[in-house]
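Hello,

Here is the structure you asked about. My notes on what was found in it follow below.

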Amino acid sequence: MTTTRPAPRDTDFCQRPARLAPREVGRRGEQIAARYLTDLGWQVLERNWRPDHGLRGELDIIALEPGHAHREPGSESVTDPAQGWAGARLIIVEVKTRSSLRQGPPAAAVDARKVARLRALAAAWASTHETPPHAGMRLDVISILMRDARPALLRHHRAVDASWG
(Lines give C-alpha, C1' and ligand atoms only; values in the text may rest on other atoms or scores of the structure.)
Protein backbone atom coordinates (compact mmCIF):
# COMPACT_ATOMS: atom_id res chain seq x y z
CA MET A 1 0.00 0.00 0.00
CA THR A 2 1.40 3.40 -0.96
CA THR A 3 0.17 6.67 0.48
CA THR A 4 0.96 10.04 -1.14
CA ARG A 5 0.40 13.37 0.55
CA PRO A 6 2.07 16.71 1.15
CA ALA A 7 4.52 16.57 4.03
CA PRO A 8 3.42 18.01 7.39
CA ARG A 9 3.02 21.77 6.85
CA ASP A 10 3.84 23.16 10.28
CA THR A 11 7.52 22.52 9.81
CA ASP A 12 9.68 25.23 8.31
CA PHE A 13 12.02 22.72 6.67
CA CYS A 14 9.47 21.22 4.26
CA GLN A 15 10.30 23.52 1.38
CA ARG A 16 13.56 23.21 -0.47
CA PRO A 17 15.69 26.32 -0.45
CA ALA A 18 17.80 26.72 -3.57
CA ARG A 19 21.01 24.69 -3.71
CA LEU A 20 21.00 22.54 -0.63
CA ALA A 21 23.91 20.14 -0.30
CA PRO A 22 22.82 16.51 -0.89
CA ARG A 23 23.52 15.58 2.75
CA GLU A 24 21.28 18.46 3.93
CA VAL A 25 18.50 17.37 1.54
CA GLY A 26 18.69 13.89 3.09
CA ARG A 27 18.72 15.25 6.64
CA ARG A 28 15.64 17.36 5.98
CA GLY A 29 13.89 14.40 4.40
CA GLU A 30 14.54 12.29 7.48
CA GLN A 31 13.16 15.07 9.70
CA ILE A 32 9.99 15.22 7.59
CA ALA A 33 9.62 11.42 7.64
CA ALA A 34 10.07 11.20 11.43
CA ARG A 35 7.48 13.94 11.93
CA TYR A 36 5.05 12.19 9.57
CA LEU A 37 5.42 8.90 11.49
CA THR A 38 4.87 10.53 14.89
CA ASP A 39 1.81 12.29 13.43
CA LEU A 40 0.51 8.79 12.57
CA GLY A 41 0.97 7.80 16.21
CA TRP A 42 4.08 5.71 15.67
CA GLN A 43 6.86 5.63 18.25
CA VAL A 44 10.27 6.44 16.76
CA LEU A 45 12.73 4.26 18.66
CA GLU A 46 15.94 5.34 16.96
CA ARG A 47 17.26 7.37 14.04
CA ASN A 48 20.43 7.03 11.99
CA TRP A 49 21.62 3.82 13.64
CA ARG A 50 24.97 2.39 12.48
CA PRO A 51 26.50 -0.87 13.67
CA ASP A 52 29.69 -0.67 15.74
CA HIS A 53 31.59 -3.06 13.50
CA GLY A 54 31.15 -5.58 10.71
CA LEU A 55 28.27 -4.36 8.59
CA ARG A 56 28.32 -1.12 6.66
CA GLY A 57 25.31 1.11 6.32
CA GLU A 58 22.70 2.88 8.36
CA LEU A 59 19.09 2.41 9.39
CA ASP A 60 17.37 5.77 8.92
CA ILE A 61 14.43 5.22 11.27
CA ILE A 62 13.42 2.34 13.52
CA ALA A 63 9.83 2.77 14.67
CA LEU A 64 7.05 0.93 16.40
CA GLU A 65 3.71 1.00 14.57
CA PRO A 66 0.76 0.67 16.95
CA GLY A 67 -1.24 -2.53 16.68
CA HIS A 68 -4.54 -0.75 16.09
CA ALA A 69 -5.81 -0.05 12.60
CA HIS A 70 -3.93 2.47 10.45
CA ARG A 71 -4.69 6.01 11.55
CA GLU A 72 -4.36 9.13 9.42
CA PRO A 73 -2.80 12.26 10.97
CA GLY A 74 -5.42 14.27 12.82
CA SER A 75 -7.82 11.37 13.36
CA GLU A 76 -8.83 10.23 16.83
CA SER A 77 -6.49 7.86 18.61
CA VAL A 78 -7.32 4.71 20.51
CA THR A 79 -8.79 5.57 23.92
CA ASP A 80 -6.93 2.80 25.80
CA PRO A 81 -3.17 3.17 25.12
CA ALA A 82 -2.50 -0.46 26.05
CA GLN A 83 -4.92 -1.54 23.34
CA GLY A 84 -3.09 0.58 20.77
CA TRP A 85 0.31 -1.08 21.32
CA ALA A 86 -0.97 -4.66 21.54
CA GLY A 87 0.33 -6.43 18.45
CA ALA A 88 2.57 -3.50 17.51
CA ARG A 89 4.97 -4.04 14.62
CA LEU A 90 8.62 -3.02 14.44
CA ILE A 91 9.18 -1.05 11.24
CA ILE A 92 12.51 -0.31 9.60
CA VAL A 93 12.03 2.84 7.53
CA GLU A 94 14.39 3.74 4.71
CA VAL A 95 14.04 7.41 3.78
CA LYS A 96 14.94 8.50 0.25
CA THR A 97 14.87 12.20 -0.50
CA ARG A 98 15.51 13.96 -3.78
CA SER A 99 15.31 17.56 -4.90
CA SER A 100 14.40 16.64 -8.49
CA LEU A 101 13.33 13.62 -10.54
CA ARG A 102 16.35 13.78 -12.88
CA GLN A 103 17.66 10.52 -11.40
CA GLY A 104 14.21 8.97 -11.13
CA PRO A 105 11.80 8.78 -8.21
CA PRO A 106 13.41 8.52 -4.77
CA ALA A 107 12.06 5.05 -3.95
CA ALA A 108 13.66 3.62 -7.11
CA ALA A 109 17.00 3.75 -5.28
CA VAL A 110 15.85 0.90 -3.01
CA ASP A 111 16.72 -2.16 -5.08
CA ALA A 112 17.04 -5.83 -4.07
CA ARG A 113 20.66 -5.34 -2.94
CA LYS A 114 19.66 -2.40 -0.72
CA VAL A 115 16.75 -4.41 0.74
CA ALA A 116 19.14 -7.27 1.59
CA ARG A 117 21.53 -4.83 3.31
CA LEU A 118 18.66 -3.26 5.26
CA ARG A 119 17.48 -6.69 6.41
CA ALA A 120 20.97 -7.55 7.65
CA LEU A 121 21.24 -4.19 9.45
CA ALA A 122 17.78 -4.70 10.99
CA ALA A 123 18.83 -8.11 12.33
CA ALA A 124 22.00 -6.56 13.78
CA TRP A 125 19.99 -3.77 15.40
CA ALA A 126 17.49 -6.23 16.90
CA SER A 127 20.30 -8.42 18.27
CA THR A 128 21.85 -5.48 20.15
CA HIS A 129 18.68 -3.87 21.50
CA GLU A 130 15.94 -4.90 23.87
CA THR A 131 12.93 -4.45 21.68
CA PRO A 132 9.42 -3.94 22.96
CA PRO A 133 7.09 -6.88 22.32
CA HIS A 134 6.09 -6.74 18.68
CA ALA A 135 4.39 -8.82 16.00
CA GLY A 136 7.37 -9.04 13.64
CA MET A 137 9.31 -6.58 11.50
CA ARG A 138 8.53 -4.85 8.24
CA LEU A 139 10.49 -2.70 5.83
CA ASP A 140 8.87 0.53 4.62
CA VAL A 141 10.27 3.22 2.35
CA ILE A 142 9.32 6.86 2.65
CA SER A 143 10.22 8.83 -0.45
CA ILE A 144 10.28 12.59 -0.32
CA LEU A 145 10.53 15.04 -3.19
CA MET A 146 11.68 18.49 -2.06
CA ARG A 147 10.11 21.15 -4.28
CA ASP A 148 10.96 24.83 -4.71
CA ALA A 149 8.47 27.17 -3.02
CA ARG A 150 6.03 24.32 -2.34
CA PRO A 151 5.69 21.73 0.43
CA ALA A 152 7.65 18.54 -0.01
CA LEU A 153 5.76 15.59 -1.49
CA LEU A 154 5.86 12.45 0.67
CA ARG A 155 5.01 8.88 -0.37
CA HIS A 156 4.89 6.06 2.15
CA HIS A 157 5.54 2.66 0.59
CA ARG A 158 4.57 -0.01 3.12
CA ALA A 159 5.98 -3.53 3.16
CA VAL A 160 8.37 -3.08 0.23
CA ASP A 161 9.68 -6.54 1.06
CA ALA A 162 7.61 -9.33 2.56
CA SER A 163 7.31 -8.98 6.33
CA TRP A 164 9.78 -10.97 8.35
CA GLY A 165 10.60 -11.75 11.99
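**Cores and pocket**

Please keep in mind that this is a predicted model. A good place to begin is Leu37: leaving aside its neighbours within four places in sequence, Leu37 is in contact with Trp42, Ile61, Val93, Ile142 and His156.

Leu37 also belongs to the largest nonpolar core, which has 18 residues. Those with the most contacts inside this core are Leu37, Trp42, Ile61, Val93, Ile142 and Ile144. Two or more residues of the core come from each of α1 (22-39), β3 (59-65), β4 (89-98), β5 (137-147) and β6 (150-164). Helix α1 gives the most, with six residues. Apart from this core lies another, of 17 residues, among them Trp49, Val115, Leu118 and Val141. As general background, nonpolar side chains tend to be buried together in soluble globular proteins.

Next, the largest pocket. Its volume is about 660 Å³. The lining is made up of 25 residues, and the closest to the centre of the pocket are Pro22, Arg23, Gly26, Lys96 and Thr97. The elements that give two or more residues to the lining are α1, β4 and α3 (112-128).

Which element gives the largest share of this lining? That is α1, with six residues.

By class, the lining of the largest pocket has 13 charged residues, six polar and six nonpolar.

When you open the model, you could start from α1, since this helix gives the most residues to the largest core and the largest share to the lining of the largest pocket.

Regards

Technical notes
Residues numbered from 1 in each chain as written. Predicted model: local features only at pLDDT ≥ 70, side-chain atom pairs only at ≥ 80, totals over all residues. Heavy atoms only, no water. Core = buried A, V, L, I, M, F, W, Y, C linked by side-chain atoms within 4.5 Å. Buried < 20%, exposed > 50% of the residue type's maximum accessible area, 1.4 Å probe, protein only. Helix = DSSP H or I, 4+ residues; strand = E, 2+ residues; numbered from the N terminus. Contact = heavy atoms within 4.5 Å. 1 Å grid on protein atoms, 1.4 Å probe; cavity = no way out; pocket = protein on both sides within 12 Å on 5 of 7 lines; lining within 4 Å. Points joined across faces, edges and corners; volume = space filled by probe spheres on them. Nonpolar A, V, L, I, M, F, W, Y, C, P; charged D, E, K, R; others polar.
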